[in-house]
Amino acid sequence: MTLRATDVYHAYDDETVFEEVSLSVSPGEVVAIIGPSGVGKSTLLRLLALFDAPDDGSIEYDGTDVWAVGDRERLEYRRRIGMVFQEASLFDASVVRNAEYGLRVRQSWTDRIRHELASLVGAENGTIEVVDALDAVGLADKADQDASSLSGGEAQRVAFARALAYEPDVLLLDEPTSDLDPRNTAVLEEAIGNARDRGIGVAIATHDMHQAERVADRVAVLLENEVIEVGPTETVFEEPTDDRTQQFIDGELIY
Ligand SMILES: Nc1ncnc2c1ncn2[C@@H]1O[C@H](COP(=O)(O)OP(=O)(O)OP(=O)(O)O)[C@@H](O)[C@H]1O
């Protein structure tokens with residue numbers, strides 16, 4: 001399932017964020033979106049997540065213009081996309097309840113009843129998908145712990161597991177490790193690689209160029225209202241075609 005933004009124009013009031021930005025995320029690849037603060041990385045992810053409609057251009061899901069179809073159909077596409085924000089927002093319940101939340105809201109009533117029945121007969125630690133997802137972020141042993149007792153890094157790992165649990169086609173990550181220590185960052189980066197290996201398409205907005213080098217197959221550089229360069233990670237970092245990319249990588253571009 002390829003998610004594709006084509007020639008997207010977007011503005012907040014009279015402040016233009018993008019002019020003709022195009023970017024795709026395909027199954028089994030990690031695309032890093034890098035660029036200075038305020039350039040529009042989060043805005044691009046919100047558009048790809050179908051939270052907001054672009055002012056012009058299109059967002060396509062496997063060739064379907066998702067803003068040209070009805071609300072119900074768009075909701076179905078929306079449900080195939082997982083998003084993780086910079087700060088985890090967990091509610092006051094156990095880790096497993098938090099991790100299964102996305103799965104629950106996406107389930108049909110029949111599925112929900114099935115799972116409620118499963119919990120009545122003692123399968124309290126959630127469905128296999130949720131246990132797998134918690135395992136992928138190294139938190140299966142904390143499934144029954146209260147989420148409020150977790151560290152910030154662990155909370156973010158639960159937020160990632162929540163998105164993984166409903167097996168999205170595409171995972172959109174907005175600076176998911178910017179507040180985390182190296183260990184939690186390493187756990188999440190490994191989970192990103194595993195998601196990619198399972199065929200999920202991942203887009204990650206990051207300030208951290210080393211992280212982009214570590215996790216991404218392709219890198220898109222956002223600058224001055226456009227994607228100035230997109231290509232294989234090695235090419236973008238070793239032999240960029242745009243001088244501004246080199247300046248940005250070298251830390252010489254101040255905005
Ligand atoms: N809801 C909003 N209303 C008005 N302006 C907004 C809104 N959201 C973002 N902006 C503006 O749009 C521009 C792009 O913001 P965005 O958050 O997408 O950038 P970013 O690259 O993700 O930044 P950062 O790296 O600091 O998170 C900024 O100038 C920001 O102030």
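What follows is a short chat about a predicted model, covering its ligand shell, its sheet and some of its helices.

Visitor: Which residues sit around the ligand?
Guide: They are Tyr-12, Val-17, Gly-35, Ser-37, Gly-38, Val-39, Gly-40, Lys-41, Ser-42 and Thr-43.

Visitor: How does that shell split by class?
Guide: It has 6 polar, 3 nonpolar and 1 charged residues.

Visitor: And which element gives the largest share of the shell?
Guide: Helix H1, residues 41-48, with 3 residues.

Visitor: How many residues of H1 are buried?
Guide: The helix is mostly covered, with 6 of its 8 residues buried. The buried ones are Lys-41, Thr-43, Leu-44, Leu-45, Leu-47 and Leu-48. Lys-41 and Thr-43 also belong to the residues around the ligand.

Visitor: What is the phi of Leu-50, just after H1?
Guide: Leu-50 takes a positive phi there, about 65°.

Visitor: Now the sheet. What's the strand order?
Guide: The order is S6-S7-S8-S3-S9-S10, which makes an open sheet of 6 strands with mixed pairing. Strand S6 (81-84) and S10 are the edges, each pairing on one side only. On average, neighbouring strands are turned by 15° against each other, ignoring direction.

Visitor: What holds paired strands together in general?
Guide: Backbone hydrogen bonds, in either a parallel or an antiparallel arrangement.

Visitor: S7 and S8: parallel or antiparallel?
Guide: Parallel. Strand S7 covers residues 170-174 and strand S8 residues 201-205, and 5 bridges join them. Within that pair, Leu-173 stands opposite Ile-204 in S8.

Visitor: What about S9 and S10, how many bridges there?
Guide: There are 6, and the pairing is antiparallel, between S9 at residues 218-223 and S10 at residues 226-232. Val-219 is opposite Gly-231 in S10.

Visitor: How many residues lie between the strands in that hairpin?
Guide: The hairpin of S9 and S10 has 2 residues between the strands, and Glu-224 takes a positive phi near 50° in it.

Visitor: Switching to helices: which strands does H7 lie across?
Guide: Helix H7, residues 152-165, lies across S6 and S7. It runs at about 175° to S6.

Visitor: And which strands does H8 touch?
Guide: Helix H8 (residues 182-197) packs on the sheet and touches strand S3 (30-34), S7 and S8. Its direction makes about 150° with that of S8.

Visitor: Back to the sheet order: which strands flank S3?
Guide: S8 and S9, going by the order S6-S7-S8-S3-S9-S10.

Notes:
Residues are numbered from 1 along each chain as its sequence is written. This is a predicted model: local features need pLDDT of at least 70, side-chain atom pairs count only at pLDDT 80 or more; totals for chains, interfaces and linings use all residues. A residue is near a molecule or strand if its C-beta atom, placed from the backbone, lies within 6 Å of it. Helices (H or I, at least four residues) and strands (E, at least two) are DSSP runs, numbered from the N terminus. Ala, Val, Leu, Ile, Met, Phe, Trp, Tyr, Cys and Pro count as nonpolar, Asp, Glu, Lys and Arg as charged, and the others, Gly among them, as polar. Two strands pair if DSSP finds at least two bridges between them. Axes are lines fitted to C-alpha atoms, for helices over the stretch in contact, and angles run from 0 to 180 degrees between N-to-C directions. Two residues are in contact if their C-beta atoms, placed from the backbone, lie within 7 Å. A residue is buried if 20 or more other C-beta atoms lie within 10 Å of its own, exposed if 12 or fewer, and partly exposed in between; C-beta atoms are placed from the backbone.
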